[in-house]
Protein chains: 2
Amino acid sequence: MTNDVKEIFGSAGAPPAPPAPAALAAKVRTLAPSMTRSMQRVAEAVADDPAGCAALTVTGLAELTGTSEATVVRTARLLGYPGYRDLRLALAGLAAQQQSGRAPAITTDIAVDDPIADVVAKLAYDEQQTLADTAAGLDTVQLAAAVTALAGARRTDVYGVGASGLVAQDLTQKLLRIGLMAHAHSDPHLAVTNAVQLRSGDVAIAITHSGTTGDVIEPLRVAFERGATTVAVTGRPDSPVTQYADHVLTTSTARESELRPAAMSSRTGQLLVVDCLFVGVAQRTYDAAAPALSASYEALAHRHRAVRKGP
Amino acid sequence: MTNDVKEIFGSAGAPPAPPAPAALAAKVRTLAPSMTRSMQRVAEAVADDPAGCAALTVTGLAELTGTSEATVVRTARLLGYPGYRDLRLALAGLAAQQQSGRAPAITTDIAVDDPIADVVAKLAYDEQQTLADTAAGLDTVQLAAAVTALAGARRTDVYGVGASGLVAQDLTQKLLRIGLMAHAHSDPHLAVTNAVQLRSGDVAIAITHSGTTGDVIEPLRVAFERGATTVAVTGRPDSPVTQYADHVLTTSTARESELRPAAMSSRTGQLLVVDCLFVGVAQRTYDAAAPALSASYEALAHRHRAVRKGP
DNA sequence: TCACGAAATGAAAGATATTTTCGTCCCGGG
DNA sequence: CCCGGGACGAAAATATCTTTCATTTCGTGA
C-alpha cells in the first residue's frame with residue numbers, strides 16, 4: 001500500500017494526488033480503518049488540533065501521542081504527504097484557514113468587556129465597511145464637478161467644527177501642498193466674516209456629518225449667496241446643509257453606539273472623500289501639482305534624522 | 001491554538017515580537033526600509049509568493065534569491081520568527097488563506113489620467129488595506145499597556161506635526177470627551193516646554209509616520225527622561241523615535257506614489273490606532289466615560305437644527 | 001583619493017529535526 | 001509449543017536549520 005503510493009508519486013512526479021489542502025479531516029476518517037492503532041492515535045491528534053500539531057516537531061508529536069517518530073512519519077505518508085515536514089506545512093495552512101474562516105463573525109457591537117484584540121478587529125472591520133460603503137455611494141458626477149470647481153478656484157474656504165474640523169484642516173493642508181489657496185475655518189464667526197469675501201469662481205466646502213451643524217451651515221449659506229461654488233460633505237443628503245450646496249458628497253454612516261461615537265466612523269468616510277478631492281485636483285493640475293509636492297517634501301527633509309539601521 | 005501560542009508569548013514576557021499570522025505582507029512593507037539589500041531580496045520573494053517559498057528549504061530560498069542561508073535566517077528573524085522553520089510555517093498558512101480568500105488584488109497605482117471613479121475605488125481599496133494591515137500588525141500587548149497608562153494618567157500630552165498633528169488633535173479631542181486631561185502640541189517649542197512638566201504617572205504620545213521627525217522626538221525624549229510613560233505611534237518600529245518610547249504602536253505602510261503621498265495612507269492607520277486607544281480607555285474608565293460622553297453630546301445639541309425631511 | 005571602521009554577507013562548522021534502518025515484540029495459527 | 005508476519009520503536013543516517021567567523025563591501029572622514 002504505502003509502497004504503491006510512494007512509487008506512483010515518485011514515478012509520475014506528483015500530479016496524480018496533490019496532498020490534501022483542507023480536506024485533511026475527511027482523509028483521516030477515510031483512512032482511519034486501514035491504520036494501525038498507533039497511527040490512528042497520531043491521525044486523530046492531527047485532525048483534532050491542526051494548529052497545535054503544526055507547532056510540534058516529529059519528536060514532539062510522537063511523545064504527545066505516545067508513539068515514536070517512525071510512526072508519525074508513517075502516518076504522514078499514509079495521509080499522502082512525502083514526509084512529516086510536508087504534513088506539518090499542510091497543517092499550518094489548514095489552521096490558518098480555520099482561523100480566517102472564523103474572522104467574519106465579529107459583526108457584533110463593541111462591549112465594555114471586550115478584550116483589546118477584539119476591539120482592534122471590530123474597529124478595523126467597521127472602518128473598512130465605512131470606506132466600502134462611502135466609495136460605493138459616492139456620486140462621481142458630483143465629485144467630478146467639485147474637483148473641477150476646486151481646480152479652477154481663486155480661493156477655497158473649508159468649514160468644519162469638532163471632529164469634522166480636523167477633516168477640514170486635512171483637506172486644506174493637502175490643497176496648500178499643491179499650490180492652491182485654501183483655508184480651514186473652525187471659528188464660526190471668522191468663517192462667516194471670510195465667507196463674505198467670496199465671489200463667483202471661489203469654492204466653499206462645508207463638512208458636517210449630521211448636516212445640521214449651524215456653525216458650518218451659516219458660512220456656507222453666505223458663500224452660496226455671494227455666488228461661490230459650494231460643496232457639502234455630509235452623511236445626510238437630505239439635511240439642511242444641502243440647501244446651500246451646489247454639489248453634495250455623501251459619506252456613509254456605519255452603526256454607532258455608546259463606545260463608538262459618531263465622530264469615529266463618519267470621520268473615516270469624510271477623509272476618503274477628502275482624499276478623492278485631493279487626488280482629483282492633483283490630476284487636473286498635474287503640471288503644477290507634481291513639482292509642488294516634491295518641493296514641499298524636500299523642504300521638510302532636514303527636519304528628519306537619518307534612520308538608524310542597526311539595533 | 002495559534003492564539004494560545006501567541007498569548008503565551010505575549011503574557012510570558014516575550015514582548016518583542018509575537019509571530020505574525022497573516023500580517024506578513026504588512027510586516028514586510030513595514031520593515032523593508034530597515035533591511036539590507038540581500039534581506040530585502042529575501043523578504044520580497046517571500047511576500048511575493050508565499051506558497052512557492054513555503055515549499056523551499058533554507059538552501060532553496062537562499063539560492064532562489066541569490067543569497068546565503070544565513071541571510072535567509074536573518075530575514076526570518078527580522079520578521080519576528082524564531083527561525084526559518086517558523087517563517088515557513090507562517091508562509092504555508094498565509095498561502096492557504098490567500099487561496100481560500102481569493103484576494104482580488106487591484107494593485108495598480110493611481111495614474112494621472114485615471115477616471116474619477118477609478119480614483120475612488122483605488123483609494124478606498126488602499127485605505128481598507130491599510131486598515132487590515134495595521135489591525136493585523138498591531139501588538140495588542142503594547143496597546144493594552146498604553147491603554148492602561150492612559151487610563152491612569154494624571155495628564156497626557158500628544159505630539160504630532162503636519163498630517164500627524166491632526167491625528168494628535170483627534171486623539172486629544174476624544175480623550176477630553178471622556179474626562180481625561182489631554183493636550184495636543186504641534187508647536188515644537190511649546191511641546192518641549194510642556195514636556196518638562198511631565199513626571200511619572202503622566203503619559204506622552206508621539207505620532208510620526210517616519211519616526212524621524214525631530215520636532216516630535218524631542219518632546220518625547222524630554223518626557224521620557226522626566227519619567228513619564230511614553231508611547232510612539234509610528235510606521236517604522238526601528239526608527240529613532242522608539243528609543244524614547246516605552247510602548248511602540250506600529251501602523252502599516254501602504255504603497256505610496258507621487259499622487260498618493262505618505263500622509264494619506266499613514267493617516268488612516270494612525271487614526272485606527274487612535275480609535276483603539278480611545279475605546280480601550282473608555283472601556284477601562286467606563287463609569288466615568290459613559291456619562292461624560294452623553295454630557296458632551298447633549299451640550300452640543302442646541303448647535304444643530306432639526307433635520308428637514310421634505311424636499 | 002585613500003585609509004579606516006562598521007556593517008553586510010556567505011562558507012562552513014555545529015546543532016536539530018527528519019527519515020531510514022533494523023531488530024524486538026506481540027499475536028494468531030499450526 | 002513453536003513459527004511467520006506485521007506493528008512498533010531505538011538508534012543510525014541523512015537532511016535541514018542555525019551559528020560562527022572570516023571576508024567583502026560600503027560609507028565616512030581626513
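**The sheet of chain B**

Begin by selecting chain B of this predicted model and displaying its strands. They form an open sheet of 5 strands in the order E2-E1-E3-E4-E5, paired in parallel. Strand E2 (182-185) and strand E5 (247-250) of chain B occupy the edges; each has a single partner strand, so one side of each is left without a neighbour in the sheet. From one strand to the next, the twist averages 15°.

Next, select E4(B) and E5(B), which pair in the parallel sense over 4 bridges. Within this pair, Thr234(B) stands opposite Thr250(B) in E5(B). Now add helix H10 (residues 163-177) of chain B, which packs on the sheet and touches E1, E2 and E3 of chain B. The direction of H10(B) makes about 170° with that of E2(B).

**Strand E3 of chain B**

Select residues 203-207 of chain B, which make up strand E3. Is this strand enclosed or open to the outside? Of its 5 residues, 5 are buried, so E3(B) is largely enclosed by the rest of the structure. Show the side chains here. In a regular strand, side chains alternate between the two faces of the sheet. In E3(B), Val203(B), Ile205(B) and Ile207(B) point one way, while Ala204(B) and Ala206(B) point the other way, and all are buried.

E3(B) has parallel partners to display in turn. Strand E1 (residues 156-159) of chain B is joined to E3(B) by 4 bridges, and Tyr159(B) has Ala206(B) as its bridge partner. Strand E4 (residues 229-234) of chain B is joined to E3(B) by 5 bridges. Here Ala206(B) stands opposite Ala232(B) in E4(B).

**Two helices beside each other in chain B**

Select helix H12 (residues 214-225) of chain B. H12(B) lies across E1, E2, E3 and E4 of chain B and runs at about 160° to E3(B). Then add helix H11 (residues 188-195) of chain B, which packs with H12(B) at an angle of about 5°, the axes being 8 Å apart. That angle makes H11(B) roughly parallel to H12(B). To see the contact itself, show Pro188(B), Ala191(B), Val192(B) and Ala195(B) in H11(B). They meet Asp215(B), Glu218(B), Pro219(B), Val222(B) and Ala223(B) in H12(B). By class, the residues of this contact are 7 nonpolar, no polar and 2 charged.

**The sheet of chain A**

Move to chain A and display its strands. An open sheet of 5 strands is found here, in the order E2-E1-E3-E4-E5 and with parallel pairing. Its edge strands are E2 (182-185) and E5 (247-250) of chain A, each pairing on one side only. The twist from one strand to the next averages 15°. Strand E4 (residues 229-234) of chain A runs parallel to E5(A), and 4 bridges join the two; Thr234(A) has Thr250(A) as its bridge partner in E5(A). Add helix H9(A), which lies across strand E1 (156-159), strand E3 (203-207), E4 and E5 of chain A, running at about 120° to E5(A).

**Where the chains meet**

Show both chains together. Their contact takes 67 residues from chain A and 68 residues from chain B. On the chain A side, the elements that each supply at least two residues include H7, helix H9 (140-151) and helix H13 (262-284). Which helix gives the largest share of this side? Select H8(A), which supplies 12 residues. The side of chain A that touches chain B divides into 38 nonpolar, 17 polar and 12 charged residues.

**The DNA strands**

Select DNA strand C and the 21 residues around it. Those that come nearest are Thr57(A), Gly83(A), Tyr84(A), Thr36(B) and Ser68(B). Helices H5 (58-64), H6 (69-78) and H7 (84-102) of chain A, together with H3 (37-48) and H6 (69-78) of chain B, each supply at least two residues of this surface. It has 6 nonpolar, 9 polar and 6 charged residues.

Turn to DNA strand D, which 20 residues surround; the closest are Thr36(A), Ser68(A), Thr57(B), Gly83(B) and Tyr84(B). At this surface, H3 (37-48) and H6 of chain A and H5 (58-64), H6 and H7 (84-101) of chain B each supply at least two residues. The residues near DNA strand D divide into 7 nonpolar, 8 polar and 5 charged.

**A last stop: Val58(A)**

Finish at Val58(A), which is placed in helix H5 of chain A. Because it has 19 C-beta neighbours inside 10 Å, Val58(A) counts as partly exposed. Leaving aside residues up to four places away in sequence, Val58(A) touches Glu69(A), Val72(A), Val73(A) and Tyr84(A).

Note on methods:
Residues are numbered from 1 along each chain as its sequence is written. Chains are lettered from A and ligands numbered from 1 in the order in which they are written. This is a predicted model: local features need pLDDT of at least 70, side-chain atom pairs count only at pLDDT 80 or more; totals for chains, interfaces and linings use all residues. A residue is near a molecule or strand if its C-beta atom, placed from the backbone, lies within 6 Å of it. Ala, Val, Leu, Ile, Met, Phe, Trp, Tyr, Cys and Pro count as nonpolar, Asp, Glu, Lys and Arg as charged, and the others, Gly among them, as polar. Axes are lines fitted to C-alpha atoms, for helices over the stretch in contact, and angles run from 0 to 180 degrees between N-to-C directions. Angles under 35 degrees count as roughly parallel, over 145 as roughly antiparallel, 65 to 115 as roughly perpendicular and the rest as oblique. Two residues are in contact if their C-beta atoms, placed from the backbone, lie within 7 Å. A residue is buried if 20 or more other C-beta atoms lie within 10 Å of its own, exposed if 12 or fewer, and partly exposed in between; C-beta atoms are placed from the backbone. Two strands pair if DSSP finds at least two bridges between them.
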